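Student: Got a minute to go through some helix packing with me? I'd like to start with one pair and then jump around a bit.
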Amino acid sequence: MTGPNTVSAPPGPDRAAHEPARVTAAGGPPRRPPVAKPPAPPRPAAAATPAPPPADSKWGLPLVVVVVGMFMSVLDTSIVNVAIPTMQGQFGASPDDIQWIATAYTLCLGVVVPTSAWLGERLGLRRTYLLALVLFSAFSALCGTATSLNMMIIYRILQAIPGGVIPVTCLTILFRMVPPPKLGAAMGLYGLGVVFAPGVGPTLGGYLVEYVDWRLIFYINVPIGILGAIAAMVVLPKFPATPGRAFDLPGFLCIAAACFALLLAVSEGQQWGWTSYPVLILVAVGFNLLALFVIIELQVKQPLLTLRTFTYRPFVISLLLMAIVYTGLFASIYLVPLFLQNVQGITPWNTGLTIMPQALVMAVLTPISGRLFDKIGARYLVIGGMTLNGVADLMMVGINTDMSRTAVLLRLMLSGAGLALCFMPIMTGGMSSLPPAISSAGSAMTTLVQRVTAAIGLAAITALTTVQQAQLFASRSALQQASGANVDPRITQMQSQGPSGLLPLFTALKDKVTTESYSNAFLVVGICVLAAVPLALFLPKTRPTGGGAAPVEI
């Protein structure tokens, strides 16, 4: 309120700055008006928002370090298979027992992978990655010193513990470190560890086994792991840990036992019989424990694996597509070397050279597909890549004992091109749909699907080819044993020479039956891949957008 003894200030927002002097009734000198402070400059927007994502120069080099660890862990799964026949001879083991070198590793991976997300959050991603890398190198060295089958199996179990942690940690680091607009390019480089390593494994392993020493396939991990750990300590960003998060023990016991039961069933199903009581009991126990795991995770406050990842449709679709494509990849890696070595009699080293062009094609095209993902999204890349891969699998249906290595090589290169174009966009399209808060759970789910799919898919392909070989061999043998006028004169001449005379016929028949069973397996895989192509329509059509990556501390 104003009066005769006051002077009003001008209206408006600057009133405080123009506050008038108050004049006393006695006419004394007016008081000196207070000096108005200039308004504080507005705080920059960057101070009120999260730190921007790191520049290319800040995440490029750390990503290379992460790829080295991922490449080493995936390479070990395929390179060891080449040395198993040699280890069988040195250890004096039976074919059934020697397979436990691979089976024990796979079973332990299934148990460890679900805990990797919790471990990364509890210790911090950087510390977890360093610890896993060092332990993987140390246990690899122990595997190289094994002098018996039991020692090798124990060391492989120890090696699988950090081997299951590395992929989950690497993928989580990538999605925490790389801004969304650059995810495609980053995943293209990351794909060298996921797609290229299984292809180059047989080549490197074949050379070491044939010309050097099989133990080197384990020792080679030691210098790579040491150098990778040193580089990670220097350039890898630090991520905040959440040490207060409790460990979900009931959930871990359920998912670990479920994975163990299912993987053991598919690993030993061929030996025990797919309809035998042990296999059926293991499958029933595994699925019931999975159901119990879901119930537990929906009840606890801090679940081991966040099931909210399954509420994002692109992520679920990516898991389904990844399972199908990964099965096709391992079908090629498993069947083609067997065909080249057992049917055509090619050495392991030459077999690796035949497979190498496929790996090189994937190495070239995977980064390109990542950059294309940043421009056009996942949908069209996945449709084109899966179609190309399915057609290549159907072309392998024409495999026969007289097929040239060039024909096999060209089909493998076509299949590799399809895999390179679709695999990383599938993974990136699914993972980029998840919020950063549950990216670690998504990484664990993705890795678990890859590992379990590789084991189950390989077991299914082995069972299919074995059943086919038994049926085809029985039908061919019945035709050869025809009597009377239907007997081929050449067979009669061979029979007259005794068992040694029939050996060439038996060998030719076995090769023919084996090749036909492989052909049927490629037919099933090709049909499954092409039938799954429509699922790609549910993947994001555009590249990922949104906020930057979570802030990191260098």
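Tutor: Sure. This is a predicted model. Let's start with H5 and H6: they count as roughly antiparallel, because their angle of about 155° is over 145.

Student: Which residues do H5 and H6 cover, and how far apart are the axes?
Tutor: H5 runs over residues 125-144 and H6 over residues 149-177. Their axes sit 8 Å apart.

Student: Is the crossing of H5 and H6 left-handed or right-handed?
Tutor: Left-handed. As for what makes up the contact of H5 with H6, there are 17 nonpolar residues, six polar ones and two charged ones.

Student: OK, switching pairs. At what angle do H7 and H13 cross?
Tutor: Roughly 175°, and the axes come within 7 Å. H7 is residues 183-211 and H13 is residues 348-376. That crossing angle is over 145, so H7 and H13 are also described as roughly antiparallel.

Student: And how do the residues in the contact of H7 with H13 divide?
Tutor: That contact has 20 nonpolar, nine polar and three charged residues.

Student: New topic: Asn-389. Where is it found?
Tutor: In helix H14, which spans residues 379-395.

Student: Is Asn-389 buried or exposed?
Tutor: Buried: its relative accessible area is 1%, and the cut-off for buried is under 20%.

Student: Which side chain does the Asn-389 side chain make a polar contact with?
Tutor: The side chain of Ser-415, at 2.9 Å.

Student: What else is Asn-389 in contact with, leaving aside neighbours within four places in sequence?
Tutor: Besides Ser-415, Asn-389 touches Gly-418, Leu-419 and Val-529.

Conventions:
Residues numbered from 1 in each chain as written. Predicted model: local features only at pLDDT ≥ 70, side-chain atom pairs only at ≥ 80, totals over all residues. Heavy atoms only, no water. Axes fitted to C-alpha atoms, helices over the stretch in contact; angles between N-to-C directions. Helix = DSSP H or I, 4+ residues; strand = E, 2+ residues; numbered from the N terminus. Parallel < 35°, antiparallel > 145°, perpendicular 65-115°, else oblique. Nonpolar A, V, L, I, M, F, W, Y, C, P; charged D, E, K, R; others polar. Left-handed = near helix turned anticlockwise from the far one by under 90°. Buried < 20%, exposed > 50% of the residue type's maximum accessible area, 1.4 Å probe, protein only. Polar contact = N/O pair within 3.5 Å; in protein donor to acceptor, adjacent residues only side chain to side chain. Contact = heavy atoms within 4.5 Å.
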